[in-house]
Amino acid sequence: MASPGPVTSSLNGSEATRAPPAALTEERKRKRKESNRLSAQRSRARKLLQVDELEAEAAALRARNCAVAAAAQEAARRCAVVQAENELLHARALELGARLESLAELIQYIDAAAAMGASSIPLAGVNGTALPQQPILQTELYCNYPYYC
């Protein structure tokens, strides 16, 4: 192998060294350092920009999360209202079903009495007590809501 000395070439019989002079080497080092410094500066700027974008995205996601949580809370509140109304309507349906059954029994009683030829039918409740003057099974619970009474 050849020794790592300066490379020489022959040009028209004279030898010229191709080793760069010290000033040229220093200039290349300085340019490379400057290039590396600028590259690092650009890299830091890109990183800061990326951090800023991620922080903005995080803030937007937090705001969206709050909005979704508020919507979920409102939906839960409406669901509770609908469930309460559903329970109220179910109780009212049971009450009206019992009232309908009671009225059907009363009609059967009247029809049976009419078939026997009774001209006046004594209206009495269980054990001979008088029937109430108000509608059957109407409760205070539903009278608080005028659309049910």
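Which residues does the UniProt annotation "domain: BZIP" cover?

**Entry 1: the annotation.** I began with the record. The UniProt annotation "domain: BZIP", from an unreviewed entry, covers residues 26-65. I kept in mind that the model is a predicted one. I then looked up what residues 26-65 look like in this model. The span is 100% helix and 0% strand. I took the distance between its end C-alpha atoms, and they lie 58 Å apart.

**Entry 2: the whole protein.** I counted elements next. The protein has 2 helices and 2 strands. Read from the N terminus, their order is β-β-α-α. I looked up burial for the protein, and 4% of its 149 residues count as buried. The exposed area comes to about 13,000 Å², and carbon and sulfur atoms supply 59% of that area. I also checked the contacts with a separation of 6 or more: residues 24 or more positions apart account for 48% of them.

**Entry 3: helix 1.** I turned to helix 1, which takes in residues 22-115. I wanted to know how its length compares with what its residue count predicts. At 1.5 Å a residue, its 94 residues should span 140 Å. The end C-alpha atoms of helix 1 are 135 Å apart, which agrees with that figure. After helix 1 comes G117, and I noted that its phi is positive, near 90°.

**Entry 4: buried residues of helix 1.** Which residues of helix 1 are buried? I found L88, R92, E95 and A113. I picked two of these, R92 and E95, for a further look.

**Entry 5: R92 and E95.** I asked first why E95 counts as buried. The cut-off is under 20% relative accessible area. E95 has a relative accessible area of 12%, so it is buried. R92 is at 13%, and therefore it is buried as well. I confirmed the place of each: R92 is in helix 1, and E95 is found in helix 1 too.

I then looked up what the side chain of E95 touches. It makes a polar contact with the side chain of R92, at 3.0 Å. I checked the pair from the R92 end, and the entry there also gives a polar contact of 3.0 Å between the side chains of R92 and E95.

**Entry 6: summary for the page.** I have the annotated span, residues 26-65, as 100% helix. I have R92 and E95 listed among the buried residues of helix 1, with their side chains joined by a polar contact.

Note on methods: Residues are numbered from 1 along each chain as its sequence is written. This is a predicted model: local features need pLDDT of at least 70, side-chain atom pairs count only at pLDDT 80 or more; totals for chains, interfaces and linings use all residues. Side-chain values use heavy atoms; hydrogens and water are left out. Helices (H or I, at least four residues) and strands (E, at least two) are DSSP runs, numbered from the N terminus. Buried means under 20% relative accessible area, exposed over 50%, partly exposed in between (1.4 Å probe, protein chains only). A polar contact is a pair of N or O atoms within 3.5 Å; within protein, one must be able to donate a hydrogen and the other to accept it, and residues adjacent in sequence count only if both atoms are side-chain atoms. UniProt positions are given in the numbering used here, feature names are shortened, and annotations may be inferred rather than shown by experiment. Contact means heavy atoms within 4.5 Å. Accessible areas come from the Shrake-Rupley method with a 1.4 Å probe; for residues, only the protein chains shown count as cover. The expected span of a helix is 1.5 Å times one less than its number of residues.
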